Amino acid sequence: PQLPTLVELLSVYYDNRNKGAYSSKARIANLKKLSEAVSYLEARHLYTADDLDAALHTMQGKIDTLKKSASGKQARIKELDELLRMADYYQQGKPVADKLKTIRFDTFRQKYKAEHENVLRTFYMAARKLKNQWVDEKLPVHAWQKEKTKLETEYQALQQKIAPLYADTKKLWAIHYSIYQVQHEQERQNAVTRQKKQEIEH
């Protein structure tokens, strides 16, 4: 036998909802939802439950690919943020650390270190973390900023691509849930019919 179409299954779902609807307002709302769902499916050439499953699978695949790309960019943006933060600490602390090297008397050195403890601490931390980042004896701060701006633009573009896909999958899952309820109920009724038939035959 030919399988029922999505429109047929949705019609049954909303017919059942209308049977339990308390007001004409609720029935009109159900008809509107059915009409919107049918238009939506036809615009996407989705006619059967298999079409719907395939569309959901494809969309989820696209979302996963885009999310993977976005998370890779986000991770690199975080890395660059950290490098730029360390470069700031380094640049702020460099004159202080240089001056410390010129102070010969231990008492003055200790006093100077105590007065600039925080700046020196963050400078030495930054120096450690930036150890392998130097290019031609310079920190490539401008290149990092440029890369970060580029990645942020690309990340935003990916988010804009993902958003409508999320909206589409949400609609398709709602339709999927509706037809599943109808299919489940039809299977239950068929099982009851088969059971009765077997009882009569025996």
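Trainee: Why is E137 called exposed?

Mentor: In this predicted model, E137 has a relative accessible area of 75%. A residue counts as exposed when the value is over 50%, so E137 belongs in that class. The residue sits in the loop between α5 and α6.

Trainee: What makes the phi of E137 worth noting, given that the residue is not a glycine?

Mentor: The phi of E137 is positive, at about 65°. H45 is also not a glycine and has a positive phi, of about 55°.

Trainee: Where does H45 lie, and is H45 buried or exposed?

Mentor: H45 is placed in the loop between α2 and α3. Its relative accessible area is 55%, and the cut-off for exposed is over 50%, so H45 is exposed.

Trainee: I would like to turn to the charged pairs. How do you know that R44 and D168 form a salt bridge?

Mentor: The closest N and O atoms of R44 and D168 are 3.7 Å apart. The rule asks for a side-chain nitrogen of Lys or Arg within 4 Å of a carboxyl oxygen of Asp or Glu, so the pair qualifies. R44 lies in the loop between α2 (24-43) and α3 (49-102), whereas D168 is in helix α6 (residues 141-201), so the salt bridge ties together parts that are 124 residues apart in sequence.

Trainee: Which of the classes buried, partly exposed and exposed fits R44, and which fits D168?

Mentor: R44 has a relative accessibility of 36%, which falls between the limits of 20% and 50%, so R44 is partly exposed. D168 has a relative accessible area of 17%; buried means under 20%, and D168 is therefore buried.

Trainee: What makes the pair K129 and E82 a salt bridge?

Mentor: The N to O distance between their side chains is 3.7 Å, and the limit is 4 Å, so the criterion is met. K129 belongs to helix α5 (residues 117-129) and E82 to helix α3; the two residues are 47 apart, and the pair links distant parts of the chain.

Trainee: Why are K129 and E82 called partly exposed?

Mentor: K129 stands at 47% relative accessibility and E82 at 27%. Neither value is under 20% or over 50%, so both residues take the class in between.

Trainee: Why are D98 and K94 said to be about one helical turn apart?

Mentor: They are 4 residues apart in helix α3, which means a separation of about one helical turn. Their closest N and O atoms are 2.9 Å apart, and the two residues form a salt bridge. D98 is partly exposed at 30%, and K94 is partly exposed at 29%.

Trainee: How many salt bridges does the rule give, and which residues are linked in a network?

Mentor: The count comes to 13 salt bridges. K73, K150 and E154 are linked in a network of salt bridges.

Trainee: Let us consider the helices. Why is α1 called roughly perpendicular to α6?

Mentor: The axes of helix α1 (residues 6-19) and α6 cross at roughly 80° and come within 9 Å. Angles of 65 to 115 degrees count as roughly perpendicular, so the description applies to α1 and α6. Residues in the contact include L6, L9 and Y13 of α1 and I175, I179 and V182 of α6. By class, the contact has 8 nonpolar, 4 polar and no charged residues.

Trainee: What makes α3 and α5 oblique to each other?

Mentor: Their axes cross at roughly 120°. This value lies over 115 but not over 145, so the pair is oblique. The axes come within 7 Å, and the crossing is left-handed. Among the contact residues are E82 and K94 of α3, together with F123 and K129 of α5. The contact comprises 13 nonpolar, 3 polar and 3 charged residues.

Trainee: How do you know that α3 and α4 are roughly antiparallel?

Mentor: The axes of α3 and helix α4 (residues 106-115) cross at roughly 165° and come within 9 Å. Roughly antiparallel requires an angle over 145, so this pair meets the requirement. The crossing is left-handed. V96, K99, L100 and K101 of α3 meet R109, Y112 and K113 of α4. This contact has 3 nonpolar, no polar and 4 charged residues.

How values were computed:
Residues are numbered from 1 along each chain as its sequence is written. This is a predicted model: local features need pLDDT of at least 70, side-chain atom pairs count only at pLDDT 80 or more; totals for chains, interfaces and linings use all residues. Side-chain values use heavy atoms; hydrogens and water are left out. Buried means under 20% relative accessible area, exposed over 50%, partly exposed in between (1.4 Å probe, protein chains only). Axes are lines fitted to C-alpha atoms, for helices over the stretch in contact, and angles run from 0 to 180 degrees between N-to-C directions. Angles under 35 degrees count as roughly parallel, over 145 as roughly antiparallel, 65 to 115 as roughly perpendicular and the rest as oblique. Contact means heavy atoms within 4.5 Å. Ala, Val, Leu, Ile, Met, Phe, Trp, Tyr, Cys and Pro count as nonpolar, Asp, Glu, Lys and Arg as charged, and the others, Gly among them, as polar. A crossing is left-handed if the near helix is turned anticlockwise from the far one by less than a right angle, and right-handed if clockwise.
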